[in-house]
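Could you walk me through this structure in the viewer, one selection after another? I would like to know what to pick next and what is there.

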Amino acid sequence: GNGARDRLRIAIQKSGRLAEPARALLTACGLSWRESRDRLFCYGESLPVDLLLVRDDDIPGLIRDGVCDLGVVGRNVLLEQDIALKAGGGSEAFREWRPLGFGGCRLAIAVPETWAWQSQAQLAGTRLATSYPAILRQWLDGQGIAAEVVELSGSVEIAPRLGQADAICDLVSSGATLAANQLKPVMTLLESEAVLAGPSSATSGASGLDQATPRQPAFDGIWDDA
Ligand code: PRT
Ligand code: ZN
C-alpha cells in the first residue's frame with residue numbers, strides 16, 4: 001500500500017506495444033499530465049493520478065513493493081512473475097483486476113513446419129526456447145511432459161534455426177513471425193491481453209475495484225463495464 005501518499009500512481013509501459021493504448025485509455029478517462037514522454041514520471045494535472053513510465057517487466061514488482069498502486073501490463077508478464085514468485089516460496093503479491101481489451105495475443109508452443117504434429121507427447125525430450133520459463137514449466141509439469149526449458153530474453157523464434165532449441169513457446173498475434181521462421185503453432189498455453197493489475201492484498205474476498213476505489217473517488221465509474 002502507499003500509506004501516506006494521497007495520489008494514485010499507475011505504472012504503464014514507457015514504450016512498446018502497450019504504451020500508446022494505455023495512455024489513450026487513461027486520457028479517455030479524463031486524465032491529463034504535465035509530462036514529457038521520455039520521463040519516468042508524469043504528474044497528473046486534472047486528477048491526483050500520476051504515471052510511472054517503465055519497462056513492462058518491472059510493473060509487477062512495482063506493485064508488489066507498493067511503489068505504484070496499479071499497472072497496465074500484459075497478462076503474460078503478470079502470470080509469469082506470479083508463478084516465479086510462488087515457485088520461489090513467495091506469496092501472491094499482485095494480481096489481475098480486469099482485462100482491458102487491447103494487446104491481445106496468445107502464448108503458444110510452435111514447432112518446425114516439417115514436424116508431423118499429433119500430440120503434446122511429442123514434446124517429451126525436446127528443448128523448448130522461451131521468454132516465459134515459469135508458465136511453460138508449469139504447463140509441462142501439469143501435462144507430465146519431461147522437456148528442457150531454454151530461457152531466452154528475445155528472438156526466441158530463431159532458436160530452432162540456430163540449433164539452440166527444437167521448438168519454442170512464444171507470444172503470437174498475427175502468426176507472421178512464426179511463418180517467417182518456418183514454425184507453426186500447435187498448442188495455446190495462455191490467451192493474453194493487457195490487464196489492469198493491482199495488489200492482491202487490497203482485494204481479499206471482494207470485487208476488487210470496488211474495494212480499491214474509495215480512497216480515490218476520482219476513479220469511480222471509470223472502470224465500469226461498458
Ligand atoms: O521495453 P519493454 O520491456 O517494456 O517491452 P517488451 O519488448 O518486453 O514488450 P512489447 O512492447 O513487445 O510487448 C508488450 C506486451 O504486448 C506483451 O507482454 C504482450 O502482452 C503484448 N503483445 C501483444 C505482444 C504481442 N502482441 C506480440 N505479437 N508482445 C509481443 N509480441 C511479439 C512476439 O513475441 C513475437 O516476437 O511479436 C511477435 C509475434 O507477432 P506476430 O504478429 O508476428 O504473430
Ligand atoms: Zn519487457
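Start by selecting ligand 1 and the shell around it: by class, this shell has six nonpolar, 10 polar and five charged residues. Keep in mind as you go that this is a predicted model. In total 21 residues surround ligand 1, and the closest are Gly16, Gly74, Cys105, Ser174 and Thr177. Now colour the secondary structure: H3, strand E10 (167-172) and helix H6 (176-180) each give two or more residues to this shell. The top contributor is E10, with three residues.

Next, colour by domain. Domain 1 takes in 8-103 + 193-219, and domain 2 covers 105-192. Where does ligand 1 lie with respect to domain 1 and domain 2? Both domains give residues to the shell around ligand 1, so the ligand lies between them. The C-alpha centres of the two domains are 28 Å apart. Select the contact between them and you will pick up 10 residues from domain 1 and nine residues from domain 2. On the domain 1 side, helix H3 (residues 75-87) gives the most, with seven residues. That side of domain 1 divides into four nonpolar, three polar and three charged residues.

Stay in domain 1 for a moment and show its strands. An open sheet of seven strands runs in the order E2-E3-E4-E1-E5-E12-E6, with mixed pairing. Look at the two ends: strand E2 (33-34) and strand E6 (95-99) each have a single partner strand, so one side of each is left without a neighbour in the sheet. For a close look at one pair, pick strand E3 (residues 41-44) and strand E4 (residues 49-54), which are antiparallel and share two bridges. Phenylalanine 41 has leucine 52 in E4 as its bridge partner.

Add the helices. Helix H1 (residues 19-28) packs on the sheet and touches strand E1 (8-13), strand E5 (70-74) and strand E12 (194-198); its direction makes about 150° with that of E1. H3 packs on the sheet too, touching E5, E6 and E12, and its direction makes about 100° with that of E5.

Follow H3 to its other contacts: H3 also lies across E7, E10 and E11, running at about 80° to E11. These strands belong to your next selection, an open sheet of five strands in the order E9-E8-E10-E7-E11, again with mixed pairing. Its edge strands, E9 and E11, each pair on one side only. Neighbouring strands here are turned by 25° against each other on average, direction ignored.

Zoom in on the bridges of this sheet. E7 and E10 run antiparallel and are joined by five bridges, and alanine 110 has isoleucine 168 in E10 as its bridge partner. E8 and E10 are parallel, with three bridges; here alanine 129 is bridged to isoleucine 168 in E10. E8 also runs parallel to E9, through four bridges. In E9, alanine 129 is partnered by valine 150.

For the last stop, select helix H4 (residues 133-143). Which residues of H4 are buried? They are Ala134, Ile135, Leu136 and Leu140. The buried residues of H4 pack against H3, strand E7 (105-112), strand E8 (127-130), strand E9 (148-151), E10 and strand E11 (183-192). Step just past H4 to finish at glycine 144, which takes a positive phi of about 70°.

Notes. Residues numbered from 1 in each chain as written. Chains lettered and ligands numbered in written order. Predicted model: local features only at pLDDT ≥ 70, side-chain atom pairs only at ≥ 80, totals over all residues. Domains from an automatic or database assignment. Contact = placed C-beta atoms within 7 Å. Nonpolar A, V, L, I, M, F, W, Y, C, P; charged D, E, K, R; others polar. Pairing = 2+ DSSP bridges. Axes fitted to C-alpha atoms, helices over the stretch in contact; angles between N-to-C directions. Near = placed C-beta within 6 Å. Buried ≥ 20, exposed ≤ 12 C-beta atoms within 10 Å, placed from the backbone.
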